[in-house]
Protein chains: 2
Amino acid sequence: MRIGQLARSVGVDTQTIRFYEREGLLPPPDRQDNGYRIYTERHVERLAFIRRCRILELSLAEIHELQRYQGAPHQPCRAINTLLDDHLAHVRSRITDLQVLEKQLTSLRASCNDDRDIGACGVLEGLSEESMQQ
Amino acid sequence: MRIGQLARSVGVDTQTIRFYEREGLLPPPDRQDNGYRIYTERHVERLAFIRRCRILELSLAEIHELQRYQGAPHQPCRAINTLLDDHLAHVRSRITDLQVLEKQLTSLRASCNDDRDIGACGVLEGLSEESMQQ
DNA sequence: ATTGACCTTATAGTTACTATATAGTTTTAA
DNA sequence: TTAAAACTATATAGTAACTATAAGGTCAAT
């Protein structure tokens, strides 16, 4: 199949597919005489794997690492679990950070109503106060 | 004061200060004869304002917008509140997304223990399954 | 013959810095 | 006094993961 069909069947842009190829995440496919890329079922699976990892917000570097592990199926899989644990820790820490942020923003927002002048805006005052350091 | 002292007093890098100047967030200061930038108290406040906004993860574009509002203190402040509401909505939506992610990752992680071969790794299998689409 | 849909490469833009290179200036210590 | 350390300046490239744009070649159908 050509790049457009691969793109549609996995749900990514053709540009992204070429980008993954350049980055070494997707093996370079054969070409037709006219230079068009020809993909196989194996490419579909490989790209779908990348897609699933990206949905989980794994980085391309992490995906690369996972692909290296896939090439050595008789090694112990601890490294894979560790990679996932690290990513999970990162996601959890980000959630915590954003929850703190949400509280700060909510409290800042509560310090103003819509019908003041900018010169008296509680939000702007809050942002201008030294107390709002961290 | 010179750039290094401004940087230390607000807690940003000197490079970042020059970057903000190029981006139009910080007004270009006067220069000494040798070309060194000379900052005043007003610059300290302006930079501290930017810093506080950045801690709340407002974008530079949003900070720019806030600065424009500051220049017109007799306009109604509704636009400022709207800007904050939009940002808050964005933060909340990101939290929700990450919480979904966290659940998916936790469940994927639970499908493996540390002492298998990569060929039997539950995590890798989970990532390779079509069911893990979205 | 030309329109439209597809494919190709190369290059630049996005965000908010951060790092590097190269060089001039000021301050401090020997 | 001189030499090193610390500071300043500019310019340019790198980061992450695409996304957009430009300029052009290919193919099927009208």
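**Figure 1. The protein surface around DNA strand C in this predicted model.** In this predicted model, DNA strand C is surrounded by 17 residues, and the closest of them are Gly4(A), Arg18(A), Gln15(B), Tyr20(B) and Asn34(B). Of the strand C atoms that come within 4 Å of the protein, 75% belong to sugar or phosphate, while the rest belong to bases. One base is approached by Tyr36(B), which has a polar side-chain atom 3.0 Å from a base nitrogen of DNA strand C. Phosphate oxygens of the strand are approached in two ways: Arg54(B) places a polar side-chain atom 2.8 Å from a phosphate oxygen, whereas Leu60(B) has a polar backbone atom 3.3 Å from a phosphate oxygen. The elements that give two or more residues to this surface are helix H1 (3-10) of chain A and H2 of chain B, and H2(B) gives the most, with four residues. Sorted by type, the residues of the surface near DNA strand C are six nonpolar, six polar and five charged.

**Figure 2. The protein surface around DNA strand D.** DNA strand D has 17 residues around it, and the closest are Gln15(A), Tyr20(A), Gly4(B), Arg18(B) and Arg37(B). Sugar and phosphate make up 76% of the atoms of DNA strand D that come within 4 Å of the protein. Tyr20(A) has a polar side-chain atom 2.8 Å from a phosphate oxygen of DNA strand D, and in the case of Arg37(B) it is a polar backbone atom that lies 2.8 Å from a phosphate oxygen of this strand. A base nitrogen of DNA strand D, in turn, is 2.9 Å from an N or O atom in the side chain of Tyr36(A). Two elements, helix H2 (14-22) of chain A and H1 of chain B, give two or more residues to the surface near this strand, with H2(A) giving the most, at four residues. The residues of the surface near DNA strand D comprise six nonpolar, six polar and five charged.

**Figure 3. Arg37(A) and the residues in contact with it.** Arg37(A) belongs to strand S2 (residues 37-38) of chain A. Is Arg37(A) buried or exposed? Its relative accessibility is 19%, and because buried means under 20%, Arg37(A) counts as buried. The side chain of Arg37(A) makes a polar contact of 2.8 Å with the side chain of Glu21(A). When neighbours within four places in sequence are left aside, the residues in contact with Arg37(A) are Met1(A), Arg2(A), Ile3(A), Arg18(A), Glu21(A), Pro29(A), Asp30(A) and Arg31(A).

**Figure 4. Helix H3 of chain B and the elements that pack against it.** Helix H3 of chain B covers residues 41-55, and at 1.5 Å a residue these 15 residues should span 21 Å; the C-alpha atoms at the two ends are 21 Å apart, so the expected and the computed spans agree. The buried residues of H3(B) are His43(B), Val44(B), Leu47(B), Ala48(B), Phe49(B), Ile50(B), Arg52(B), Cys53(B) and Ile55(B). What do these buried residues pack against? Within chain B, their partners are helix H1 (3-10), helix H2 (14-22) and helix H4 (60-70), and from chain A they are joined by helix H5 (78-110) and helix H6 (122-128).

**Figure 5. Glu57 in the loop between H3 and H4, shown for chain A and for chain B.** Most residues other than glycine have a negative phi. In chain A, Glu57(A) lies in the loop between helix H3 (41-55) and helix H4 (60-70), and its phi is positive, near 60°. In chain B, Glu57(B) comes after H3(B), in the loop between H3 and H4 of that chain, and its phi is likewise a positive value, near 65°. With a relative accessibility of 32%, Glu57(A) counts as partly exposed, and Glu57(B), with a relative accessible area of 33%, is partly exposed as well.

**Figure 6. The two domains assigned to chain A.** The domain assignment of chain A gives domain 1, residues 1-75, and domain 2, residues 81-134. The C-alpha centres of domain 1 and domain 2 of chain A are 38 Å apart.

Conventions. Residues numbered from 1 in each chain as written. Chains lettered and ligands numbered in written order. Predicted model: local features only at pLDDT ≥ 70, side-chain atom pairs only at ≥ 80, totals over all residues. Heavy atoms only, no water. Expected span 1.5 Å × (residues − 1). Buried < 20%, exposed > 50% of the residue type's maximum accessible area, 1.4 Å probe, protein only. Contact = heavy atoms within 4.5 Å. Domains from an automatic or database assignment. Near = heavy atom within 4 Å. Polar contact = N/O pair within 3.5 Å; in protein donor to acceptor, adjacent residues only side chain to side chain. Nonpolar A, V, L, I, M, F, W, Y, C, P; charged D, E, K, R; others polar.
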